[in-house]
Amino acid sequence: MRYSEYFIPTLKETPADAEVISHQLMLRAGMIRKLAAGIYNYLPLGLRSIRKVENIVREEMNRAGAIELLMPMVTPAELWQESGRWEKYGPELRRIKDRKEAEFCLGPTHEEVVTDIVRREVRSYRQMPLNLYQVQTKFRDEIRPRFGLMRGREFIMKDAYSFDVDSSAADISYDKMYQAYRRIFQRCGLNFRAVEADTGSIGGTASHEFMVLAESGEDAIVSCSACEYAANVEKAESPVKGGTEHAEPRPLEKVATPEKRTIEEVAEFLGVPKAAMVKTLVLSADGEPVVALLRGDHDLNEIKLQHLLGCDTLEMAGDEIVTKVTGAPVGFAGPVGLKVKIVADLAVQVLRNFVTGGNAKDLHLKNVNLDRDCHVGIFADIRNVVHGDPCPRCSGGTLEMWRGIEVGHVFKLGTRYSEALHATYLDADGKEQTVFMGCYGIGIGRTVAAAIEQNHDDNGIIFPLPIAPFHCIISALNMKEEAVKEASETIYQQLSEAGVEVLLDDRDERPGFKFKDADLIGIPLRIVVGSKNLADGKVELKERRSGEVSLLPIDEAVEKVKAAVAVAL
């Protein structure tokens with residue numbers, strides 16, 4: 001491809017509304033252009049990278065035994081009403097009506113549609129296992145679309161759905177997809193972690209998120225320093241460090257703490273570490289008050305607590321409810337004397353003689369002991385893990401904190417959708433059984449954006465070679481000089497015939513201008529053809545990531561590029 005004949009509308013300045021680096025660079029590199037909030041045109045350069053990811057995904061899906069199909073983006077309300085998600089999904093589900101007032105939605109995901117296909121077509125256990133996938137446009141009406149392709153309303157997604165005869169068979173299908181996802185992101189050249197995760201609105205019994213590690217990542221994740229355990233902070237387990245304190249209980253003591261409300265303020269005022277305090281949080285679970293106790297230096301994990309309580313909604317209680325439950329204004333709550341359900345974190349269970357609020361204004365209590373001073377209904381893991389916590393899976397590792405960008409998610413759905421939509425089959429004995437399901441998604445455009453978040457410098461994008469829009473760019477410094485033109489055309493022809501994707505920058509521009517564009521769009525390899533080096537029969541080969549520059553004979557430069565591409569692909 002010749003640059004002069006291609007469409008790469010690069011920008012010198014960063015658009016004001018682009019917040020994260022991938023959004024900035026994809027706009028500047030001429031990869032995307034905004035059409036409406038959260039909706040983008042994919043320009044040729046961006047589309048090439050997106051197609052690279054799609055091809056890798058298809059190859060690994062096919063390798064794992066999945067079969068491609070294509071389902072409509074517009075889906076009828078009846079299917080969503082059957083599954084119960086028409087009401088529960090929320091405003092992100094864009095509901096529409098046709099001219100006959102029939103209700104439809106723009107598909108954010110396709111569990112209902114694919115389950116409908118299977119319940120109509122699959123009759124026997126002999127037709128399973130079955131795994132169907134598609135690469136298709138989705139729409140979710142995000143309240144705050146932002147960050148370019150990282151959180152758009154319309155986006156390209158690969159979604160797959162497995163169907164099996166029982167839970168054990170479904171586990172095998174799940175593992176095949178898990179391993180396929182690992183290969184996909186390895187082939188994309190990304191540094192990632194597969195982490196245990198919450199199932200969220202999709203439902204199901206278990207799930208893993210595939211996170212590209214990047215400082216700009218929205219999600220906090222942890223991984224073990226010694227084993228392969230990794231989890232989203234929402235899901236990460238927090239075992240108790242050490243055993244129960246053996247200190248003798250001291251007499252309960254009231255302490256005046258005028259205007260000292262926060263853990264930090266009280267700890268400083270009393271001269272005690274935050275870890276020797278217990279914070280008392282009043283929450284509303286499906287409208288009923290509940291109290292959570294955590295060590296002063298720990299934070300509540302609301303998702304863990306919500307699952308523990310089995311409630312549909314969980315939120316921090318307002319000031320009025322806090323006062324009603326504790327008899328005190330916010331900042332002075334404590335567990336002593338409360339008449340509501342109390343859930344305490346496991347780290348609190350081992351504490352002795354700790355400090356809590358006194359349930360009266362400007363009052364705290366010292367030397368509180370749970371077994372003597374209050375009644376806890378449930379002890380459970382309800383906190384967020386922190387850096388340095390012991391690994392819940394191995395004996396020697398500790399947890400390390402990372403930031404991650406979710407690019408893929410795999411779910412064990414079980415019978416969540418097959419029961420609701422009556423997807424059944426006849427087993428070997430002719431008895432009707434419910435199908436077991438799994439679902440598996442990858443954000444295609446989001447993967448490209450995440451790759452940029454992880455791979456860039458001050459000059460622009462540094463694409464991993466497998467998903468770069470071109471493998472190599474030839475920067476011809478003056479195509480009007482016959483020697484430069486002839487050498488550039490020869491290199492272009494040789495590389496193209498070898499299967500290397502080449503962009504020949506044949507524009508009539510200054511060398512510095514061409515170099516800046518080459519760095520900006522992130523092509524991994526660059527061959528610079530100039531008359532000075534050609535006089536010695538050589539060209540310059542530059543590796544974008546390392547910045548390493550080599551002065552080589554033309555044939556050697558061509559062979560090096562071919563070899564680098566062959567290894568990466």
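Select helix H15, residues 511-521, where a helix is a DSSP run of H or I with at least four residues and a strand a DSSP run of E with at least two, both numbered from the N terminus. Its buried residues are Lys 514, Asp 517, Ala 518, Asp 519, Leu 520 and Ile 521. Buried stands for under 20% relative accessible area, exposed for over 50%, and partly exposed for what lies in between, with a 1.4 Å probe and protein chains only. Directly after H15 comes Gly 522, whose phi is positive, near 80°.

The model is predicted, so local features need pLDDT of at least 70 and side-chain atom pairs count only at pLDDT 80 or more, while totals for chains, interfaces and linings use all residues. Residues are numbered from 1 along each chain as its sequence is written, and side-chain values use heavy atoms, with hydrogens and water left out.

**The cavities**

Keep Ala 518 and Asp 519 selected and add Ile 473, Ile 523, Arg 526 and Arg 544: these residues line the second largest cavity. On a 1 Å grid over the protein atoms alone, a cavity is a set of points where a 1.4 Å probe fits but cannot get out; a pocket is an open set with protein on both sides within 12 Å along at least five of seven lines; lining residues have an atom within 4 Å of a point. The second largest cavity holds about 30 Å³ of space, a volume being the space filled by probe spheres set on the points, with grid points joined across faces, edges and corners. Its lining has 3 nonpolar, no polar and 3 charged residues. In this classification Ala, Val, Leu, Ile, Met, Phe, Trp, Tyr, Cys and Pro are nonpolar, Asp, Glu, Lys and Arg are charged, and the others, Gly among them, are polar.

The whole structure has 2 cavities of 30 Å³ or more. For the largest, select Val 20, Phe 147, Met 150, Ser 216, Glu 218 and Glu 453, which line it. About 40 Å³ of space lies there, and the lining divides into 3 nonpolar, 1 polar and 2 charged residues.

**The second largest pocket**

Next, select Arg 261, Thr 280, Leu 281, Val 330 and Gly 331, which lie nearest the centre of the second largest pocket among its 20 lining residues. The volume of this pocket is about 350 Å³. Helix H7 (263-270), strand S14 (278-285) and S18 each supply at least two residues of the lining, and S14 gives the largest share, 5 residues. By class, the lining has 12 nonpolar, 6 polar and 2 charged residues.

**Asn 359**

From strand S18 (354-357), move into the loop that leads to strand S19 (363-368), where Asn 359 is found. Asn 359 has a relative accessible area of 14% and is therefore buried. Its side chain reaches the backbone nitrogen of Gly 334 at 2.8 Å. A polar atom of the side chain of Asn 359 also lies 3.0 Å from the backbone oxygen of Val 336. Beyond its neighbours within four places in sequence, Asn 359 is in contact (heavy atoms within 4.5 Å) with residues including Thr 326, Phe 332 and Leu 338.

**Two buried loop residues**

Select Leu 93, in the loop between helix H4 (85-88) and strand S5 (94-97). Leu 93 counts as buried because its relative accessibility is 2%. Among its contacts outside four places in sequence are Trp 80, Trp 86, Cys 105 and Pro 108. Measure to Asp 141 in the viewer: 48 residues apart along the chain, the C-alpha atoms of Leu 93 and Asp 141 are separated by 6.3 Å.

Gly 107 comes next, in the loop between strand S6 (103-106) and helix H5 (111-121). At 0% relative accessibility, Gly 107 is buried. Gly 107 touches Met 73, Lys 138 and Phe 139, leaving out residues up to four places away in sequence.

**The nonpolar core**

Finally, select Met 31, Met 61, Tyr 181, Ile 184, Phe 185 and Phe 210, the residues with the most contacts inside the largest nonpolar core, which has 63 residues. Such a core is a set of buried Ala, Val, Leu, Ile, Met, Phe, Trp, Tyr and Cys residues joined through side-chain atoms within 4.5 Å. Helix H6 (residues 167-187) gives the most to this core, with 7 residues. Centre on Met 61: outside four places in sequence, its contacts include Tyr 133, Met 177, Tyr 181 and Ile 184.

Terms used. A polar contact is a pair of N or O atoms within 3.5 Å; within protein, one must be able to donate a hydrogen and the other to accept it, and residues adjacent in sequence count only if both atoms are side-chain atoms.
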